[in-house]
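Q: Could you take a close look at one part of this model for me? I'd like to hear about a helix pair and how the two sit against each other.

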Amino acid sequence: MFSLTSAASGQRYAVKCFTRHVPDQEVRYQAISTRLAQLDPAELSQPWKLGFEYLPDAISVGQDRYPVLKMEWIDAVTLSSWLDDNHMDRFAVARLADRFEALTRDLSAHEIAHGDLQHGNLLVASDDTFRLVDYDGMYVPGLAGLGGTERGHRNYQSPMRGNDDFGATLDRFSTWVIFLSLKAVAADPALWNRLHEPKGESLLLTEDDFKSPASSTGLRTLLAHQDRTVSGLADQVRSLAFQPLVLLPPLTPAVLPKQRVSTTSTTPTSPTPTAVPGASGLPGWMAGHVSPQVTPLPVAPTTSPDGFRTRTLLDVVTAVLWPLALAAAVLLVVFGLPMPLIEGVAPIALAAAPIVLAAVATVFARSRRPERAQSREALATLTNELNRLENPVKAAEKLRKDQAKFDAAQADRNAAYPRAQDKLTAQYHGELKEAEKRKIRKQRDIDKKIDGLAEELRTALTKALADKRSAFVRDQLGRRLIAKSPPHGIGPKLVARLASMGVTTAADFTGYRPVQNSAYNNTGAVIVLSGGRFINVPGIGEAKARALDDWRKHVLASAVARQPAALDAGERRSIEQGNARRREQLTVQRKAVESEADAMREQARKRLEDNQARLALENTAAGDRARQQRQEFSRRTVALQQNSDLHGTLSAAVGDAKLRQRGLSYRRYLHFLCTGR
């Protein structure tokens, strides 16, 4: 982002240069500009929107041109800088929190989502009202159906957000995080210096706090805060961190926490929704959104008795048996009463027999007590219920691995989608370049032919004149008969002989060649015909042949002297018209090449649009599947916590049942026999 001042108007602007390619960027900004222009400033809580202009070809780098965004300049500071200076003013911070809540109402009322609400994009003006900047990822209704272009600042976004999340609910989690930070600082200014990292990329909480709330010092601090609004908001943020964006409630007074739901300062081992729960343990605002499969299994009723109750007849008999047995043993040992002796058995052993008999009777009577059966049945039932539950630690680890695998796949998909778009765009530009090269090559060839038409015309006119002159000379030579004006020495007989061999005019021969006659030891001659053939005319020797050739040369010179000096107008016009027709044909061919290139460009554009539509459709379908998967992860997260709670409850119940079972021990039964309690 740069600050520039217009030399003409003196007005200052913020100019943004884009560092990455965004598909349909111009279309997106046009839709955003149109929607923001429709907002009546009088109906907004504060003048948060800024005017801007998208310039598609504003700057050039090398031979390429790139877009920029020219935005209205505002003298303001970022939210984090404002809090650095004003966090001790609790009233001012509280007022700013209210204005932030009003800003979110403006956006929600007009179905607009900024897409990247964070401290750097929220500017606070001198009147302590907000201005929104950076509209790259903004959603407006006119962009419905398109995918997101970014995922927002990591320290303000839900761990459940993906690139396929693009709608009016995009800012829900960010608004809760920012509102919590403002409310917390307003309630306790010391929290700013305690939780905010100086010059850091967050307010009070970071990405790690949302992903791992159990180990988050910041969240634990806010959850344990004595101010109920702060602790309640922290509880709400913790609850929302693992819910799909489409299910998150807006930041409105109807859903703002009124009181702390949980008073414990210990963060659970896994994220749990803690807003006003319904019968299923879910927040009230999620009722109907999460599958009923997450409803916890009922805990089996614990009917294990904690001791023995009313004595039965058998208990009474057993209780009476003990004094009798003890008395008999004492009498036998102490007073030495006579008794029959059993060979090999000591008297003391015989004295213990009544006690052993009483002990055996006690064991039998204890085994017949209904409390023993009830205790065993209750413990078995609770143990079976506990064994039916999935181990929470293993389930949490499996969920973590599944989410990590899903996140990796989503990261690959999110990276592959722009690469595929870039590939299509590169292919499109390659086809355009090839079409342009082909057009230039063909047009260059045609232009060369057009440029050569002038020379062709000159050549054609020269040739036509030469042909006309040649025809005139041939005609004149053909008109001079040898018989009418024979050369010297050529009489009627020789004329007749020449005629018999096809030589009647000056046009029938071109000259002669002397030949040596060895038989007569003299030089003769042959006549060279117009076709190049030689004839030997009897009676015509070298002298007569020379005379005949001189006659022809005289006739030729006379014809050449009288040949036409130029073409007539009709002949010249005919040649020029032919040349003009050739120029028109080449011009038509040149236009056809342009039309052919246009057709190739149009076909390339159509292929690009079809491929982009196919790619977008596939990405949308993948986004829908990803959204469903994230909802399934959310359901599993809630189910895991409920399973963990139930597992703890059952474990405690099993331990309690074992303690109660120890209360039915042999010693306790003896005490029961003696006291009835």
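A: Here is the helix pair, followed by a quick look at the nonpolar cores.

Keep in mind that this is a predicted model, where local features need pLDDT of at least 70, side-chain atom pairs count only at pLDDT 80 or more, and totals for chains, interfaces and linings use all residues. Residues are numbered from 1 along each chain as its sequence is written, and side-chain values use heavy atoms, with hydrogens and water left out.

Helix H13 (residues 453-479) packs with helix H16 (residues 569-662) at an angle of about 150°, their axes 10 Å apart. Helices here are DSSP runs (H or I, at least four residues), numbered from the N terminus; axes are lines fitted to C-alpha atoms over the stretch in contact, and angles run from 0 to 180 degrees between N-to-C directions. H13 and H16 are therefore roughly antiparallel, a label for angles over 145 degrees. On the H13 side, the contact (heavy atoms within 4.5 Å) includes Leu453, Leu457 and Leu461; on the H16 side, Arg572, Ile575 and Leu586 are among the residues involved. The residues of this contact split into 7 nonpolar, 1 polar and 7 charged; Asp, Glu, Lys and Arg count as charged, Ala, Val, Leu, Ile, Met, Phe, Trp, Tyr, Cys and Pro as nonpolar, and the others, Gly among them, as polar.

As for the cores, the largest nonpolar one has 66 residues. Such a core is a set of buried (under 20% relative accessible area, 1.4 Å probe, protein chains only) Ala, Val, Leu, Ile, Met, Phe, Trp, Tyr and Cys residues joined through side-chain atoms within 4.5 Å. Its largest share, 10 residues, comes from helix H4 (residues 172-187).

Technical notes. Helix = DSSP H or I, 4+ residues; strand = E, 2+ residues; numbered from the N terminus. Parallel < 35°, antiparallel > 145°, perpendicular 65-115°, else oblique. Buried < 20%, exposed > 50% of the residue type's maximum accessible area, 1.4 Å probe, protein only.
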